[in-house]
Amino acid sequence: MKPQYYLGMMSGTSLDGVDVALVDFSLEPRLILSDFFPMPENLRQKLTKLVQAGETTLQNLGELDHELALLYCDCVNTFLQKYNILPSQIEAIGCHGQTVWHSPASAFPFTMQLGDMNLLAAKTGISVIGDFRRKDMALGGQGAPLVPAFHKAVFSNANFATVVLNIGGISNVSILFPNQPVIGFDTGPGNTLLDQWIEKYQGLHYDKNGEWASKGNVNQVLLEELLNEPFFSLPAPKSTGRELFNLDWLIDKVEKASVELTALSSKMTLAPEDVQATLAELTVTSIVNALNQLQTNLPKRLLVCGGGAKNSLIMCGLHDNLLDWQVGTTTEQGFDIDYVEAAAFAWLAYCRMNNLPANLPSVTGAKSAVSLGAIFPKD
C-alpha cells in the first residue's frame, strides 16, 4: 500500500527547539522518522522576553512571526534532505506554531501562535495546516489540550484504564477509560519552572536528568505555597501556560515562603537547589493529585511522554506515589517520548485534509467536534 506521509512540527513551552515527526497514515498511524532542531539562541531569547513580558511592538511581533517561519522552513527542508524524502511525497505539514499567549478564560478569549504558515508552504512546496486552536475556541472550548484526541486514536486499550501523561513545559493528561468520554486537561507546570529557575541560577536551559534538583531538599513550606495556586483546584476542562507559571510567579512564591521560614527560625533559608527540588516535587504532586481523583476497576496504566519522561527524579516520584499504576512510556507503544506531540500535529493535519473531526468536546469544552486548522496551500 502506498504510504500517506504527513509531517508534524512542534515547538513547545520550553523554547528549546523544533520537533519534527514523519507519520504514515496508510493504515494505522505509524511514526516513521523523527528529528530535533535546536532553537537559535538569539531567537529563543527574543521569544522568552516576549512571553515573559506579555507585551511588545507590532513591528517586533511581525518580525518574530516571519523569523519563526524561516526556522520552520529550514527544519523541514533539512529533514527532507537528510532522509532523502521529496516534498511531493508529503501530503501536508501540520505545524502548531509557537504559542506566545493563551488566554481562554479572559473577557475576550484568544490564543496566539507565531510562525507564518503561508511562508512555510511557499518555501517548502508542501501544503501546511496551522491555526489549530481557534476553531475550538470559537465553539466555546479552551483550545487545549488538543493531543488527547490523538492519544485516543493510538493508545486506547479496552483492557486498561489508560492515562497518557505529557510532561512538557506544562503537564497534561489524556484519560482514556474504556466506554467513557475522553477527559483531558493540564495538571500544572511540567518542566517550565524547572527550566526557568536553572537558567536563572546556573545559566543552563534545563536540568539534565534532574541532577541539580537531586542536590537539594524539598521544602514543604514552599511546596504548600506553590500548591496554593487556585489553578490546581479548578475543575476540568482547564489549560494553562507560561502566562501563569512563569519566573515572576515563582519568585513571588519563593519570597512569601522565605518570609514564613524566617518567622519560624532565622536560620531557615531556601537554597536555589532546594527550590529546584521543590519544583520537581510540585510537578509530581500536581500530577499525582489529579490521578488520585480517578475511579476505575480496571488495571491502571500510565504512559509518560515529553521531556519530563527523561527526568529520573520526576519518574521516580511518579513510581513511588502511584503504586497501583503500571507506569511506563509511550516509547514502549511505538511513539518515541520526544515526538508524541509532533506526531499529534501530523495527525491533526491528516484529519483536516480529510475533513475529520479532531477535537474532543469532553476535553476542551467546545460545543461540537469539528475538523481543526486552516489550510495554507503550497501554490
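Modeller: Welcome! In this predicted model, helices and strands are DSSP runs of at least four and at least two residues, numbered from the N terminus.

Colleague: Thanks! Where is Asn84, then?

Modeller: Asn84 lies in the loop between H2 and strand E4 (90–95). Its phi is near 55°, a positive value in a residue other than glycine.

Colleague: What makes Asn84 count as buried or exposed?

Modeller: Its relative accessible area is 69%, and exposed means over 50%, so Asn84 is exposed.

Colleague: Where is Asn355, and is this residue buried or exposed?

Modeller: Asn355 sits in the loop between helix H12 (340–353) and helix H13 (361–364). Phi is positive there, about 55°, although Asn355 is not a glycine. With a relative accessible area of 58% against the cut-off of 50%, Asn355 is therefore exposed.

Colleague: Why are H1 and H2 called oblique to each other?

Modeller: Helix H1 (residues 41–53) and helix H2 (residues 58–82) pack at about 140°, with axes 11 Å apart. Roughly antiparallel needs an angle over 145 degrees, and roughly perpendicular runs from 65 to 115; the pair fits neither, so H1 and H2 are oblique. The crossing of H1 past H2 is left-handed.

Colleague: Which residues meet there?

Modeller: From H1 come Asn42, Leu43, Lys46, Leu47 and Leu50, and they meet Leu61, Leu64, Glu67, Leu68 and Leu71 of H2. Seven of these contact residues are nonpolar, one is polar and two are charged.

Colleague: Which peptide bond is cis?

Modeller: The one joining Ala144 and Pro145, with omega about -15°. Pro145 belongs to the loop between helix H4 (134–138) and helix H5 (147–155).

Conventions: Residues numbered from 1 in each chain as written. Predicted model: local features only at pLDDT ≥ 70, side-chain atom pairs only at ≥ 80, totals over all residues. Heavy atoms only, no water. Axes fitted to C-alpha atoms, helices over the stretch in contact; angles between N-to-C directions. Parallel < 35°, antiparallel > 145°, perpendicular 65-115°, else oblique. Left-handed = near helix turned anticlockwise from the far one by under 90°. Contact = heavy atoms within 4.5 Å. Nonpolar A, V, L, I, M, F, W, Y, C, P; charged D, E, K, R; others polar. Buried < 20%, exposed > 50% of the residue type's maximum accessible area, 1.4 Å probe, protein only.
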